[in-house]
Amino acid sequence: MKKLVSLLLVLAIAVTLVACGGSKPAETQAPAAPAATEAPAATEAPAAAEAKTYNVGVAIYQYNDNFMTLYRQEIENYFKTLETDTVKYNVTMVDGKNDMGEQTNQIDTFITQGMDVIICNLVQTSSAEVIIDKVVAAGIPLVLINREPLGDNGDESYPGIINNPTVCYVGADARQSGTYQGEIVRDLPNHGDINGDGVVSYVMVVGDPENPDAQYRTEYSVKALTDAGIEVKELVKNVGNWDQTKGQEIVAAALAQYADQIEVVFCNNDAMALGAAAAIEAAGRKVGEDIYLLGVDALDECQEMVQKGTMTGTVLNDHIGQSHTAVDVAIKALNGEAIDNYYWVDYVKVTK
Ligand code: BGC
């Protein structure tokens, strides 16, 4: 029995020794294996956060437009300034070439490309519904700019805008710009009546008649005079489609027909006013002396002309304020934040 106990004891010691010995090789191997994977992790710089890139589609009605050129360049500049190490904006901008069919295809492409947000300067506001429906159905937020689709009740009531929380319009109230043009004439010492016959005889150079900016500026410039009790007479009203060359042609023809009966030339924008100024000069007339000339936008060259007196006045169409608002709202929308349906930027009167 004693022998058996001693034998068991010896066996137990042997097993223990083998067990302890078994752990030894493990200890010596251990540093070798984990060292290979752990060491680099310890020396690696903290992992840089991945930059998130948002895709933004911007559809402009036409690149060949003085005002929209300033506006679209500022959209691109401003997006760049808002980029950070972690947020990038990949802006794809396209030229609708004043062709609604072309612009509709461009919007379809933006949808297929899966843009995170779309900013659209409609070619035709009458197509607003079609565009809004497509973009909303694709689940993409939409920021309409510069050309306002009007509801039956005037502003801030367009069904496609007020019924869709991810659709908005960013612009300026064109009635204000028209009113300012009229007020500049109203506030002249002779209230625009150069020949003293008690009537202000004017020429109206209209932008694009489908565009509320053109409709309202045409209406409200004259209304500011009649509201002040000033009698007016329209000699010529013609469509210049926002274009400098057309503005020049219209005013040259009007001057040829009505000569010094014309006291005021209202242009719905500065590009057409630049054309009008050339026609006025060619006809040997002098702005501020025997004729008045008004525009809208306050392009740099027109501000200089107002300074020099070769233009009576213009109205600042704030492309910086509008483009920045459009971009800020687009970013809110792509982040899933709630947006309003309408955002307004004020016009500013520009006189000497
Ligand atoms: C500007 C015009 C421009 C038009 C384009 C207007 O607000 O005053 O110069 O041609 O927008 O839609």
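The charged end of Arg72 is placed over the ring of Tyr63 in this predicted model, 3.9 Å from the ring centre. A charge counts as sitting over a ring if NZ of Lys or CZ of Arg is within 6 Å of the ring centre and within 35 degrees of the ring normal. Lys52 offers another case, its charged end sitting over the ring of Tyr54 at 5.1 Å from the centre. The model is predicted, so to speak of local features requires pLDDT of at least 70, side-chain atom pairs count only at pLDDT 80 or more, and totals for chains, interfaces and linings use all residues. Residues are numbered from 1 along each chain as its sequence is written, and side-chain values use heavy atoms, with hydrogens and water left out.

Tyr54 also takes part in ring pairing. A search of the whole structure yields eight aromatic pairs; rings of Phe, Tyr and Trp (its six-membered ring) pair if their centres lie within 6.5 Å, with planes under 30 degrees apart counted as stacked, over 60 as edge-to-face and the rest as tilted. The ring centres of Tyr54 and Tyr89 are 6.0 Å apart and the planes meet at 25°, so this pair is stacked. It bridges distant parts of the chain, from Tyr54 in strand β1 (residues 52-60) to Tyr89 in strand β2 (residues 87-95), 35 residues apart. Helices (H or I, at least four residues) and strands (E, at least two) are DSSP runs, numbered from the N terminus.

Tyr54 is buried, at a relative accessible area of 14%, and Tyr89 is buried at 9%; the class means under 20% relative accessible area, with exposed over 50% and partly exposed in between (1.4 Å probe, protein chains only). Phe79 is buried as well. With Tyr89, Phe79 forms a tilted pair, 5.2 Å centre to centre and 50° between the planes. Since Phe79 lies in helix α3 (residues 66-81) and Tyr89 in strand β2, the pair ties together parts ten residues apart in sequence. Ring pairs thus join Tyr54, Phe79 and Tyr89 into a cluster.

Elsewhere, helix α4 (residues 100-112) packs with helix α5 (residues 128-137) at an angle of about 5°, the axes being 10 Å apart. Axes are lines fitted to C-alpha atoms, for helices over the stretch in contact, and angles run from 0 to 180 degrees between N-to-C directions. The contact (heavy atoms within 4.5 Å) involves Met100, Thr104, Ile107, Asp108 and Ile111 of α4 and Ile131, Lys134 and Val135 of α5.
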